[in-house]
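The report below considers packing, burial and charge pairing in a single protein chain. It is meant to be read alongside the sequence and the coordinates.

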Amino acid sequence: MDKEHLSLFLEQHYSKEQILNLREQTYQEVVAIDDILDLCFDENPKVAFRASWLLEHTVTKYPHLLTKQAKSFLQKYPSQQNQSAQRCFSKIAMLMVERTNFYGLKYEDFEGCLSASFDCLLNEQIPVA
């Protein structure tokens with residue numbers, strides 16, 4: 001499934017079963033992890049959140065699928081402005097901290113991620129989940 005079709009699908013479909021189905025398609029390389037990561041920053045907040053949710057479920061079950069994009073994910077992390085997607089990104093980052101060696105990361109790679117996370121925690125305008 002190409003990025004455009006994935007975007008349209010995420011805009012129209014929203015159930016855990018469908019997200020889990022897409023997760024399996026990502027594992028089978030029918031859906032590209034790079035496309036999911038790009039859609040996490042889509043201008044449509046529904047698509048951005050659903051792509052982030054999909055990325056979270058994918059990385060939770062198949063952490064190796066994010067290996068090539070690990071540093072890119074952490075670099076993009078601070079630019080995530082969708083509050084719902086930020087929660088998914090936080091969960092992914094926590095999983096990555098647990099597997100720092102697996103991803104070939106150093107703790108310095110998480111610096112931007114940490115400051116962005118604290119900014120969210122300190123922002124009184126962001127509701128607590």
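## Salt bridges and the nonpolar core

Glu56 has a relative accessibility of 12% and therefore counts as buried, the cut-off for that class being under 20% relative accessible area. The model is a predicted one, and the values discussed here should be read with that in mind.

The side chain of Glu56 meets that of Lys91 in a salt bridge, with a distance of 3.6 Å from N to O. Because Lys91 lies in helix 6 and Glu56 in helix 4, this pair ties together parts that are 35 residues apart in sequence. Unlike the buried glutamate, Lys91 is partly exposed, with a relative accessible area of 42%.

The count of salt bridges comes to five, and three of them, including the pair just described, are set out in the table.

| Acidic residue | Basic residue | N to O distance |
|---|---|---|
| Asp38 | Lys3 | 3.4 Å |
| Glu24 | Lys61 | 3.8 Å |
| Glu56 | Lys91 | 3.6 Å |

In general, side chains of opposite charge can pair when their charged atoms come close. The bridge between Asp38 and Lys3 links distant parts of the chain, since Asp38 belongs to helix 3 and Lys3 to helix 1, with their positions 35 residues apart in sequence. Both partners are partly exposed: Asp38 has a relative accessible area of 34%, and Lys3 stands at 35%. A network of salt bridges links Lys3, Asp38 and Lys76.

The pair formed by Glu24 and Lys61 joins helix 2 to helix 4, and so ties together parts that are 37 residues apart in sequence. Here too each side is partly exposed, with Glu24 at a relative accessible area of 21% and Lys61 at 44%.

As a general tendency, nonpolar side chains in soluble globular proteins are buried together. In this model the largest nonpolar core has 33 residues, and those with the most contacts inside it are Leu55, Leu66, Phe73 and Met96. At least two residues of this core come from each of helix 1 (3-12), helix 2 (16-27), helix 3 (33-39), helix 4 (45-61), helix 5 (70-76) and helix 6 (83-98). Helix 4 gives the most, with seven residues. When neighbours within four places in sequence are left aside, Met96 is in contact with Leu66, Ala70, Phe73, Leu74, Tyr103, Leu105 and Phe110.

Helix 4 also holds Thr58, a residue that counts as buried because its relative accessibility is 0%. Leaving aside neighbours within four places in sequence, the contacts of Thr58 are with Arg23, Thr26, Ile33, Pro63 and Leu65.

The loop between helix 3 and helix 4 contains Asp42, which is partly exposed, with a relative accessible area of 24%. The side chain of Asp42 reaches the backbone nitrogen of Asn44 at 2.9 Å. Not counting residues up to four places away in sequence, Asp42 touches Ser7, Val47 and Ala48. The C-alpha atoms of Asp42 and Asn82 are separated by 9.4 Å, although these two residues are 40 residues apart along the chain.

Definitions and conventions:
Residues numbered from 1 in each chain as written. Predicted model: local features only at pLDDT ≥ 70, side-chain atom pairs only at ≥ 80, totals over all residues. Heavy atoms only, no water. Core = buried A, V, L, I, M, F, W, Y, C linked by side-chain atoms within 4.5 Å. Buried < 20%, exposed > 50% of the residue type's maximum accessible area, 1.4 Å probe, protein only. Helix = DSSP H or I, 4+ residues; strand = E, 2+ residues; numbered from the N terminus. Contact = heavy atoms within 4.5 Å. Polar contact = N/O pair within 3.5 Å; in protein donor to acceptor, adjacent residues only side chain to side chain. Salt bridge = Lys/Arg side-chain N within 4 Å of Asp/Glu carboxyl O.
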